[in-house]
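Visitor: I'm new to reading protein structures, so could we go through one together? I'd like to ask my questions one at a time.

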Amino acid sequence: MAKTKWTIEADNLTIYPSLIARTLSIIYFIAASALIITLFINQNIPLGSLINYEIFILVTSLVLFGVGGRHIFFDGINQIMSVKVFGIAIKNIPFNQIGKVTSYSVAGSYCYKIFTAAYSHGRGIAISAGYSKATDQNLIAYQQEVLPKIDQLVFASQPLIAKPVIYDFKYFKEENGVYKVKSDRVASLIFGILLIGVTPLILNTPDFMSNDSDIKRILVTYFPLVIGLVLASTFFRSVRFDKNSRQIIHKSITGLKVYSYNDFIRFLIVRKTTNLIYSGTEIKAEIYLPETKKVKVLFLTSFWKTKKVQRFIDETNTILGKYHADSSASKME
């Protein structure tokens with residue numbers, strides 16, 4: 001299980017977010033070495049090849065072990081944050097250039113990242129391990145000990161930045177105090193119907209993939225139907241924020257769900273990649289469910305350009321009543 005370790009001093013903070021890599025390096029070294037030695041014994045691999053393989057395995061393990069020692073050092077005296085690998089600072093960021101710390105979803109888990117003010121929703125720098133559950137004890141300790149220390153070292157001395165009042169909402173449609181998240185649902189419906197139509201077309205073509213296996217034919221026949229139904233169902237989905245009743249209303253094809261403003265926890269930013277290529281940023285809301293004492297993750301919207309993310313968050317915070325004309329932006333999310 002991934003864990004984050006840290007050392008807190010009066011004027012400094014050191015975070016080790018990648019220690020899991022050290023454990024993996026040891027496992028890799030033992031497993032790979034055992035495999036090579038087994039092949040050497042049973043397959044008559046030349047001794048020279050064995051030595052070369054072992055050198056490669058050793059070097060790879062050492063590099064992975066060293067990367068596991070990557071740490072983030074917050075120097076409160078010199079007001080600078082450093083990212084260090086092998087004891088060498090590969091990135092230095094002055095405190096006054098740090099924009100915020102927030103949780104980000106990565107590959108099914110989420111971690112805390114730090115962002116500069118210039119790129120508040122870019123790739124960011126991971127400052128914690130990844131966690132799959134909000135109840136993880138290491139995560140809870142991190143939130144209670146590390147985040148307040150970062151706030152003390154980095155943000156306590158920074159000037160508060162007043163947020164302008166938002167009157168013109170770009171990403172919400174307002175009607176009688178109810179703000180509906182805008183979305184391009186018509187395009188999803190049309191594309192979904194087109195995909196659904198592929199399945200009956202294939203079923204009415206008896207010779208289609210007649211020479212292929214049944215599994216391939218079933219997948220090709222019904223996969224478009226499944227994807228089409230998912231896309232078409234988004235046409236009936238909507239998220240509304242009712243300022244009058246202070247409720248978040250989620251409507252979907254399965255029914256209506258209502259959540260209180262008071263149960264809103266935080267925004268969850270999901271930076272999506274496809275084959276390691278950036279494919280958009282999703283904005284979700286974490287909502288506490290008092291009845292089950294669990295956390296619901298509600299999808300709100302997605303953007304291709306990260307610059308739009310902060311605007312959407314500012315608009316949503318305005319609707320939620322989290323800040324007004326004379327309030328400041330939170331640096332810890």
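Visitor: Which residue in strand 12 is the bridge partner of aspartate 242?

Guide: Before we start, this is a predicted model, where local features need pLDDT of at least 70, side-chain atom pairs count only at pLDDT 80 or more, and totals for chains, interfaces and linings use all residues. Residues are numbered from 1 along each chain as its sequence is written, and side-chain values use heavy atoms, with hydrogens and water left out. Strands (E, at least two residues) and helices (H or I, at least four) are DSSP runs numbered from the N terminus, and strand 11 and strand 12 (247–252) run antiparallel, joined by five bridges. In strand 12, aspartate 242 has as its bridge partner glutamine 247.

Visitor: Which residue in the turn between strand 11 and strand 12 has a positive phi?

Guide: These two strands make a hairpin, and four residues lie between them. The positive phi is about 55°, and the turn residue that has it is arginine 246.

Visitor: And which residue does serine 252 stand opposite in strand 13?

Guide: Strand 12 goes on to strand 13 through another hairpin, with two residues doing the joining. The strands run antiparallel, and six bridges hold the pairing. Opposite serine 252 you'll find glycine 255.

Visitor: In what order do the five strands of this open sheet come, from 9 to 13?

Guide: Two strands count as paired if DSSP finds at least two bridges between them, and in this sheet the pairing is antiparallel. The five strands follow the order 9-10-11-12-13.

Visitor: Which strands stand at the edges, each with a single partner strand?

Guide: An edge strand has one partner, so one of its sides is left without a neighbour in the sheet. That describes strand 9 (172–175) and strand 13 (255–260).

Visitor: How much does the twist average from one strand to the next?

Guide: Angles here run from 0 to 180 degrees between N-to-C directions, using axes fitted to C-alpha atoms (for helices, over the stretch in contact). From each strand to the next in this sheet, the twist averages 20°.

Visitor: At about what angle to strand 9 does helix 6 run?

Guide: Helix 6 spans residues 307–320. It lies across strand 9, strand 10 and strand 11, and its angle to strand 9 is about 25°.

Visitor: How many aromatic pairs does the structure hold?

Guide: Rings of Phe, Tyr and Trp (its six-membered ring) pair if their centres lie within 6.5 Å; planes under 30 degrees apart are stacked, over 60 edge-to-face, and the rest tilted. By that rule, the number of aromatic pairs is eleven.

Visitor: Why do the rings of phenylalanine 172 and phenylalanine 241 count as the kind of pair they are, and which kind is that?

Guide: Their centres are 5.8 Å apart and their planes are at 80°, so this pair is edge-to-face. It links distant parts of the chain, with phenylalanine 172 in strand 9 and phenylalanine 241 in strand 11, 69 residues apart. So the kind asked for is edge-to-face.

Visitor: How are phenylalanine 172 and phenylalanine 312 arranged as an aromatic pair?

Guide: Phenylalanine 172 counts as buried at 3% relative accessibility, since buried means under 20% relative accessible area (over 50% is exposed and in between is partly exposed, with a 1.4 Å probe and protein chains only). The two rings are 5.2 Å apart centre to centre with 15° between the planes, which makes the pair stacked. This pair spans 140 residues, from strand 9 to helix 6. The arrangement, again, is stacked.

Visitor: Is phenylalanine 312 buried or exposed?

Guide: Phenylalanine 312 belongs to one aromatic cluster with Phe169, Tyr171, Phe172, Tyr179, Phe241 and Phe303. Its relative accessible area is 0%, so phenylalanine 312 is buried.

Visitor: Now to tyrosine 131: with which residue's side chain does its side chain make a polar contact at 2.4 Å?

Guide: Tyrosine 131 sits in the loop between strand 8 (125–126) and helix 3 (137–155), and it is buried, with a relative accessible area of 1%. A polar contact is a pair of N or O atoms within 3.5 Å; within protein, one must be able to donate a hydrogen and the other to accept it, and residues adjacent in sequence count only if both atoms are side-chain atoms. One such contact, at 2.8 Å, goes to the side chain of threonine 4. The contact at 2.4 Å goes to the side chain of asparagine 138.

Key. Contact = heavy atoms within 4.5 Å.
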